[in-house]
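Please open the structure in a viewer and keep the sequence panel visible. The tour below proceeds by selection, each stop followed by what is found there.

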Amino acid sequence: MTPQTKPVFCADIGGSFIDCAIVRHDGTIADRQKLPTPIHDLDMFLATLEEATAIHDDLDLHIALAGLQDPESGICTAANIPCINGVQLARRLSSTLDRTIRIGNDADCFALAEARMGAGRSHRNVLGIILGTGVGGGLVLDGRLITSAGGLTGEWGHGPVIPHLPGMESHIPCFPCGCGQWGCIDTIGGARGLERLHAWNGGEKADSRAILAAWRQGDPLARRTIEHYVTYVSAALALAVNLTGATILPVGGGLSNAHDLIEALDHATKKRILRDADATLLTPSRLGSDAGLLGAAFL
Ligand SMILES: [Zn+2]
C-alpha cells in the first residue's frame, strides 16, 4: 500500500469526533476507536491524542484534520476546532510524543486514499471532491498529493463564480461565503448549500434529504432546485477538470450517498468539459468513512 511497511497510528479528526486506528501496510484497519473531539480546550485536545496513542508508542502518528496546516509555518486553521486555531499542532504533539507526526487536510487525505486504493486507483490524475456540509477537495497528480499554496490546493469550491450583481438577487443565487467572498460554489454545493438554494427558489424550509426525496418524486420546485444545483456545480467542476487533467473525481461527504445526484452531476460535467469523455468522471467514494484514516497513512 505504501513505501512504509510499519503500521501507522492514524487519527481522522473532525469537529465532533476523533476516529482513530492502526492502519497496516496492506490497508487493513485495527483497534479502531471513536472519541469526542475536545474543541475548546487545547490541553484536553492534546491529552486525548496522547492517551489514544499511548499504548502504540512505537508507531508514527498521522492525522487527517478537518482544517488546514500551513505547509511552511505548520500553523493550523480549523473553524470547527477552535482550540487548535493558530496552533503549531505537529510541534505541540511532538514535544510530548516521541515520534514522527504528520498532518494533512481531511479532503486531501480523502483524495490520496481514493487515488491509491479507491475509485482513482487506475488513474494518474485524481481530483477528490467532498460534497458534505460544505464542499472541499484535494488534488493528486501522478500519484502525488499537491499541498502547495498554504495547503489550499484542490479547493475548487471557493472563488466568486456566481456573479454578485446588485438588483439581480432574485435571478442569481449569489450568497456570502464563509471565506469572505460572494458567490462561491461552497455556498450552494454542500448539503447546507442545497437547502439554501431551495429556500432561495421559494421552497419550504427542508433538509437536503427531503429536497432530494421530493426531486425523485418529481416535485416541480425540487426539480428546479436540483437543476440549478447541477448547472452551477458542474460548471465549476468542468473548469477544475479542464485545468487539472483529472480523469476521475471520487466524491465523498454526505451528498455522495445520493448516487442519482452524483450521476446527474457526472453527465452535466462531462457535457461541459473540453475533451470527449465517455467514461465516468464523478463517482461515489469507494472507501467511504475509511478514506480519511487510509489517506492519513499515506501522508
Ligand atoms: Zn468561499
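Select the zinc ion and its donors, which follow the spacing H-x18-C-x1-C-x4-C along the chain of this predicted model. Four protein atoms serve as donors: ND1 of H158 and the SG atoms of C177, C179 and C184, lying 2.1 to 2.3 Å from the zinc ion. Angle labels among the four donor atoms should read 103 to 120 degrees, and the site is tetrahedral. For reference, the ideal angle for four tetrahedral donors is 109.5 degrees.

Next, keep only H158 and C179 highlighted. Both H158 and C179 lie in the loop between β10 and α4 (186-189), so the pair ties together parts that are 21 residues apart in sequence. Switch on a surface: H158 is partly exposed, with a relative accessible area of 33%, and C179 is also partly exposed, at 41%.

From that loop, move to the sheet. Which order do the five strands of the open sheet take? The order is β10-β9-β8-β11-β12, with mixed pairing. Colour β10 (144-145) and β12 (282-284) as the edge strands, each of which pairs on one side only. Then select β11 (residues 249-252), which pairs with β12 in the parallel sense over three bridges; within this pairing, L282 of β12 is the bridge partner of L249.

Finally, display the helices that lie across the sheet. Helix α7 (residues 220-244) lies across β8 (125-131), β9 (135-141), β11 and β12, and runs at about 155 degrees to β8. Helix α8 (residues 259-272) lies across β8, β11 and β12, at about 165 degrees to β12.

Key:
Residues numbered from 1 in each chain as written. Predicted model: local features only at pLDDT ≥ 70, side-chain atom pairs only at ≥ 80, totals over all residues. Heavy atoms only, no water. Pairing = 2+ DSSP bridges. Helix = DSSP H or I, 4+ residues; strand = E, 2+ residues; numbered from the N terminus. Contact = heavy atoms within 4.5 Å. Axes fitted to C-alpha atoms, helices over the stretch in contact; angles between N-to-C directions. Donors = N, O, S within 2.8 Å, 3.2 Å for Na, K, Ca; no water. Tetrahedral: all angles 85-135°; square planar, octahedral: opposite > 155°, others 65-115°. Buried < 20%, exposed > 50% of the residue type's maximum accessible area, 1.4 Å probe, protein only.
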